[in-house]
Amino acid sequence: MRFEIKGLKFSYTSAPILEDVSLSIDDSEVMGILGPNGSGKTTLLKCMNQVLKPMQGSILYDGKDLLSMERRDISKIMGYVPQNNISETAFPTVYEVVMMGRRPYGSWMLNSHDNEIVWVAMEKMGVSALSARRFDRLSSGQIQRVLMARAIAQGAKVLLLDEPTSNLDIRYQIDVMDTVRSLAKNDGNIVCAIIHDLDLAIKYCDKGALLYHGKVIAAGDIIDVITPENIKKVYGVDVIVDKSNYDRPHVIMP
């Protein structure tokens, strides 16, 4: 399966936010969406998920244009995990939050099949023991896992993650990204994740897309995207990409 974006354009007013964005990701791949603040990364994910309606372009999954599909059908294909924010769901239990992922398939009343899927998703993300706990009383790392379990319960093959490691300490960053990598490699998911830490992106992503002022400056294999020249161009800082003593390159500030 392949997820493709072709010629995507979006603007809130007359000023364009995204200009002619084109990307492609295959199943079992993790793509890091990279770039400085204000470069259009979150807008891109929201356009992919139809939270925002693009002005132009196409979004294809397995050759099918998602822009022509019903919202419920899109939700069966694509799961969106926003930035860590509990304000919208302050009081449900963990089980109830994950259960929301089954909404595209019927009513709010779960049958035994839905219930099994919800529990499998929670177990996969290691949150089944938290099923009765209130969502707003979880740690940041637990919240990220629950939201990812909800996306898995949707049966979504494309996972869109908006800064899945934000506000997490290094232990939880590694924990979450190990899980993201496993979902791609073991379950065949396509994952697009906004990542600010370039070393995390190099370690966990197969591909990268570097955005700057709404345009794709570089896209492709992650080690070909994160180069000193590209980093200087979009971030305005000089770095060294050390390829000598690591299994994967490492970004160093000189």
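**Briefing: a pocket, the overall fold and two residues with positive phi**

Helix α7 is the element that gives the most to the lining of the second largest pocket, contributing five residues. The structure is a predicted model, and the points below take up this pocket, then the chain as a whole, and finally two residues with an unusual backbone angle. The chain holds nine helices and 12 strands, and its radius of gyration of 18 Å agrees with the value near 18 Å that a compact globule of 254 residues would have.

**The second largest pocket**

- The volume of the second largest pocket is about 230 Å³, and its lining is made up of 13 residues.
- Of these lining residues, D197, D199, L200, K203 and H250 are the ones that lie nearest the centre of the pocket.
- Helix α7 spans residues 198-204, and both α6 and α7 supply at least two residues each to the lining of this pocket.
- In terms of residue character, the lining of the second largest pocket comprises seven nonpolar, two polar and four charged residues.

**The chain as a whole**

- Taken along the principal axes, the box filled by the C-alpha atoms of the chain is roughly 55 × 40 × 30 Å.
- Buried residues account for 51% of the 254 residues in the chain, while the accessible surface comes to about 11900 Å², with 49% of that surface belonging to carbon and sulfur atoms.
- When contacts between residues at least 6 apart in sequence are considered, 65% of them join residues that are at least 24 apart.

**Two residues with positive phi**

- D20, which is found in strand β2 (residues 16-26), has a phi near 50°, a positive value in a residue other than glycine.
- E163 likewise is not a glycine, yet its phi is positive, at about 50°.
- The position of E163 is in the loop that runs between strand β7 (158-161) and helix α6 (170-187).
- Is E163 buried or exposed? E163 counts as buried, because its relative accessibility is 16% and the cut-off for a buried residue is under 20%.
- Helix α6, which follows the loop holding E163, is also one of the elements that supply at least two residues to the lining of the second largest pocket.

Methods: Residues numbered from 1 in each chain as written. Predicted model: local features only at pLDDT ≥ 70, side-chain atom pairs only at ≥ 80, totals over all residues. Heavy atoms only, no water. Helix = DSSP H or I, 4+ residues; strand = E, 2+ residues; numbered from the N terminus. Buried < 20%, exposed > 50% of the residue type's maximum accessible area, 1.4 Å probe, protein only. 1 Å grid on protein atoms, 1.4 Å probe; cavity = no way out; pocket = protein on both sides within 12 Å on 5 of 7 lines; lining within 4 Å. Points joined across faces, edges and corners; volume = space filled by probe spheres on them. Nonpolar A, V, L, I, M, F, W, Y, C, P; charged D, E, K, R; others polar. Rg over C-alpha atoms; globule rule 2.2 N^0.38 Å. Contact = heavy atoms within 4.5 Å. Areas by Shrake-Rupley, 256 points an atom, 1.4 Å probe, with all protein chains shown as cover.
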